[in-house]
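Okay, thanks everyone, let's get going. I'll put the structure up and then talk through a few pieces of it.

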Amino acid sequence: MENKNFDVIIIGGSYSGLSAGMSLGRSLRNVLIIDNEKPCNRQTPHSHNFVTHDGKTPSEITQLAKNDVEKYNTVHFYNGTVVKTVKTTEVFGIETSSGEKFQAKKLILASGVKDKMPDIPGFAECWGVSVIHCPYCHGYEVKNEVTGILSNGDMAYEFSKLIFNLTKNLTLFTNGKAVLTNEQLEKLKQNKILLNEDEIESIEHTKGSIQKIVFKNGKEVALQALYAKIPFEQNLNVSDDLGCELTEQGFIKVDMMQKTNVPGVFACGDNVTMMRSVANAVAQGNFAGAVVNKELADEEF
């Protein structure tokens with residue numbers, strides 16, 4: 001790529017990054033979108049709860065979005081992985097794993113997060129297929145099915161409330177001793193939500209479709225779906241490289257304008273919020289692109 005200098009570099013070319021790119025492209029900004037084509041939902045067979053695209057595959061929605069953004073000739077694409085970000089006096093410097101270097105006046109982090117899989121054989125293969133994270137994205141498709149929740153503590157209790165609305169055939173698996181309060185346990189019992197504290201050995205499945213949970217004590221429980229909240233980490237080391245502040249939960253901290261604590265750096269999408277959905281990512285990216293354009297316009301006028 002001959003041009004190395006841009007108004008804006010967007011790290012991440014999924015829903016949020018592409019949406020930001022469209023806002024900026026329509027504002028005639030010179031933009032580079034860098035993406036390594038490894039989205040966190042690449043195993044998910046269908047995406048839901050996004051009007052006009054409900055039920056499409058994640059990759060299909062991404063390709064449709066990219067086709068739209070490619071119509072704006074000031075938006076450019078680079079397939080690669082960002083390994084270093086540097087803030088100088090005037091610009092941001094970006095380096096990729098192949099050694100390519102780019103510069104920009106503004107930076108939008110739409111880089112998503114990386115889910116950290118538990119050490120349970122079969123879990124990773126089912127993740128996004130039948131082991132799911134979001135009742136809004138996937139719950140309707142497994143409504144009234146034999147369903148489990150893999151969680152513990154307050155998160156497990158709050159999650160149980162949401163899932164109970166979708167199925168009454170529900171078991172909470174704490175994978176060890178439950179750490180819920182007596183009041184929470186009593187409420188689960190009143191709603192006939194089963195509690196299983198056995199430690200999990202593995203998840204048996206067929207091509208990602210869960211069949212049953214096998215426990216270390218030899219017991220088994222058949223399931224059609226399992227909700228799980230698992231840890232994550234940022235795809236970019238933004239706290240060390242750029243000095244971006246993170247929240248207690250590990251998200252990039254932004255204000256209502258999608259601005260980080262670092263002037264000129266914005267963030268949007270899964271890396272800033274627990275509400276991980278296509279619709280939310282698109283909305284945040286659209287807004288972030290508009291805010292960045294306004295900031296550039298103010299500085300240039």
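Before we count anything: two strands pair here if DSSP finds at least two bridges between them. Also keep in mind that this is a predicted model.

So, let's begin with strand 6, residues 101-109. Strand 1, residues 5-11, runs parallel to strand 6, and 6 bridges join the two. If you want a residue pair to click on, take I9, whose bridge partner in strand 6 is L107.

Strand 5, residues 92-96, pairs with strand 6 too, but in the antiparallel sense, over 4 bridges. There, F92 has A104 as its bridge partner. Strands 5 and 6 form a hairpin with 4 residues between them. And which residue in the turn has a positive phi? That's G99, at about 95°.

Then there's strand 17, residues 265-267, which runs parallel to strand 6 with 3 bridges between them. I108 is matched with F266 in that pairing.

Okay, helices. How far apart are the axes of helix 1 and helix 2? They're 10 Å apart, and the packing angle is about 15°. The cut-off for roughly parallel is under 35 degrees, so helix 1 and helix 2 count as roughly parallel to each other. The crossing is left-handed. For the contact itself, helix 1 (residues 15-25) brings Y15, L18, G21 and M22, while the residues on helix 2 (58-69) include P58, I61, A65 and V69. The contact residues split into 7 nonpolar, 2 polar and 2 charged.

Next, the other sheet I wanted to show. It's an open sheet of 5 strands, in the order 8-15-9-10-11, with parallel pairing. Strands 8 (131-132) and 11 (194-196) are at the edges with a single partner strand each, so each has one side without a neighbour in the sheet. The partner pairing I'd zoom in on is strand 10, residues 170-173, with strand 11: parallel, 3 bridges. F173 has N196 as its bridge partner there.

Lying across strands 9, 10 and 15 is helix 5, residues 153-164, and it runs at about 165° to strand 10.

Last stop, a loop. K143 sits between helix 4 (135-138) and strand 9 (147-150). Is K143 buried or exposed? Somewhere in between: its relative accessible area is 35%, so we call K143 partly exposed. K143 and K168 are 25 residues apart in sequence, and their C-alpha atoms are 9.2 Å apart in space.

That's my tour, so over to you.

Technical notes
Residues numbered from 1 in each chain as written. Predicted model: local features only at pLDDT ≥ 70, side-chain atom pairs only at ≥ 80, totals over all residues. Heavy atoms only, no water. Axes fitted to C-alpha atoms, helices over the stretch in contact; angles between N-to-C directions. Parallel < 35°, antiparallel > 145°, perpendicular 65-115°, else oblique. Left-handed = near helix turned anticlockwise from the far one by under 90°. Contact = heavy atoms within 4.5 Å. Nonpolar A, V, L, I, M, F, W, Y, C, P; charged D, E, K, R; others polar. Buried < 20%, exposed > 50% of the residue type's maximum accessible area, 1.4 Å probe, protein only.
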